[in-house]
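The following questions and answers introduce a structure to a reader who meets it for the first time. Please consult the sequence and the model while reading.

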Amino acid sequence: MGLRNLGPLGSFIKEGWEKAFYVAKFFCFLHVTDKYLIDLVLSEGPSMLPTIDLKPNVFLAERISTRFGKVACGDIVVLRSPQNPRKHITKRLVGMEGDSVTYLSSPKNSDKHENVLVPKGHVWVEGDNRYNTTDSRNFGPVPYGLIEGRIFWRVWPLKDFGPFWKK
């Protein structure tokens, strides 16, 4: 028994299947775009002051450059927190694998500098507000695989809408 034998009900079922197929294609497109191309990112908190305000900011982060190893020192990246994998953090990329990074070990208490050699497959990230941030100075070098995207466009607040280049 085919759809032709169902009369008007058959055309209704056929139209329903066609619409469901278009909806499924749309959600597949959204999934591929979000997972592999571009993602909306909410960033808030003091760790990236003065580059990113305290109030919530919404950015677009592209995921292509991280997949092809095209991120560079100075880029602001979104990554999974090494301390809590359910949380995403926004930090500035300071060192790539093989780089020697000099950093303030305890900016609140002293001006003591330390050096670290970033191991293979890792990066060094820091917040711009070195007095109030949790970054590689706390949890060490971060595996490159935790980087999920590079911020390139500010969406919100609307008064700052536009490209978000290295600062």
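Q: Does R92 count as buried or exposed, judged by its relative accessibility?
A: The model is a predicted one. Buried means under 20% relative accessible area. The relative accessibility of R92 is 11%, so R92 counts as buried.

Q: With which residue does the side chain of R92 meet in a salt bridge?
A: R92 belongs to strand β4, and its partner lies in the loop between β7 (122-126) and α3 (136-139), so the pair ties together parts that are 36 residues apart in sequence. The partner is partly exposed, because its relative accessible area is 25%. The N to O distance is 2.9 Å, and the residue that R92 meets is D128.

Q: How many residues apart in sequence are the parts that R150 and E62 tie together?
A: The side chains of R150 and E62 form a salt bridge, at 2.9 Å from N to O. E62 counts as buried, with a relative accessibility of 11%. Since R150 is in strand β9 (residues 147-156) and E62 is in strand β2 (residues 57-62), the pair ties together parts whose separation in sequence is 88 residues.

Q: What is the relative accessible area of D135?
A: The side chain of D135 meets that of R137 in a salt bridge, with 3.1 Å from N to O. R137 counts as buried at 15% relative accessibility. D135 is also buried, and its relative accessible area is 0%.

Q: How many salt bridges does a search of the whole structure find?
A: Among them are the pair R150 and E62, the pair R92 and D128, and the pair D135 and R137. The search of the whole structure gives a total of eight.

Q: Which element gives the largest share of the lining of the largest pocket?
A: The largest pocket has a volume of about 340 Å³. Of the 19 residues that line this pocket, the closest to its centre are S47, K87, H88, I89 and K91. Two elements, β1 (38-43) and β4 (88-95), give two or more residues to the lining. The largest share, four residues, comes from β4.

Q: How many residues of the lining of the largest pocket are polar?
A: The lining residues include seven that are nonpolar and three that are charged. The number of polar residues in the lining is nine.

Q: The side chain of S81 reaches the backbone nitrogen of which residue?
A: S81 sits in the loop between β3 (76-80) and β4, and counts as buried at 8% relative accessibility. Leaving out residues up to four places away in sequence, S81 touches K87 and I89. At 3.2 Å, the side chain of S81 reaches the backbone nitrogen of Q83.

Notes: Residues are numbered from 1 along each chain as its sequence is written. This is a predicted model: local features need pLDDT of at least 70, side-chain atom pairs count only at pLDDT 80 or more; totals for chains, interfaces and linings use all residues. Side-chain values use heavy atoms; hydrogens and water are left out. On a 1 Å grid over the protein atoms alone, a cavity is a set of points where a 1.4 Å probe fits but cannot get out, and a pocket is an open set with protein on both sides within 12 Å along at least five of seven lines; lining residues have an atom within 4 Å of a point. Grid points are joined across faces, edges and corners, and a volume is the space filled by probe spheres set on the points. Ala, Val, Leu, Ile, Met, Phe, Trp, Tyr, Cys and Pro count as nonpolar, Asp, Glu, Lys and Arg as charged, and the others, Gly among them, as polar. Buried means under 20% relative accessible area, exposed over 50%, partly exposed in between (1.4 Å probe, protein chains only). A polar contact is a pair of N or O atoms within 3.5 Å; within protein, one must be able to donate a hydrogen and the other to accept it, and residues adjacent in sequence count only if both atoms are side-chain atoms. Contact means heavy atoms within 4.5 Å. A salt bridge is a side-chain nitrogen of Lys or Arg within 4 Å of a carboxyl oxygen of Asp or Glu.
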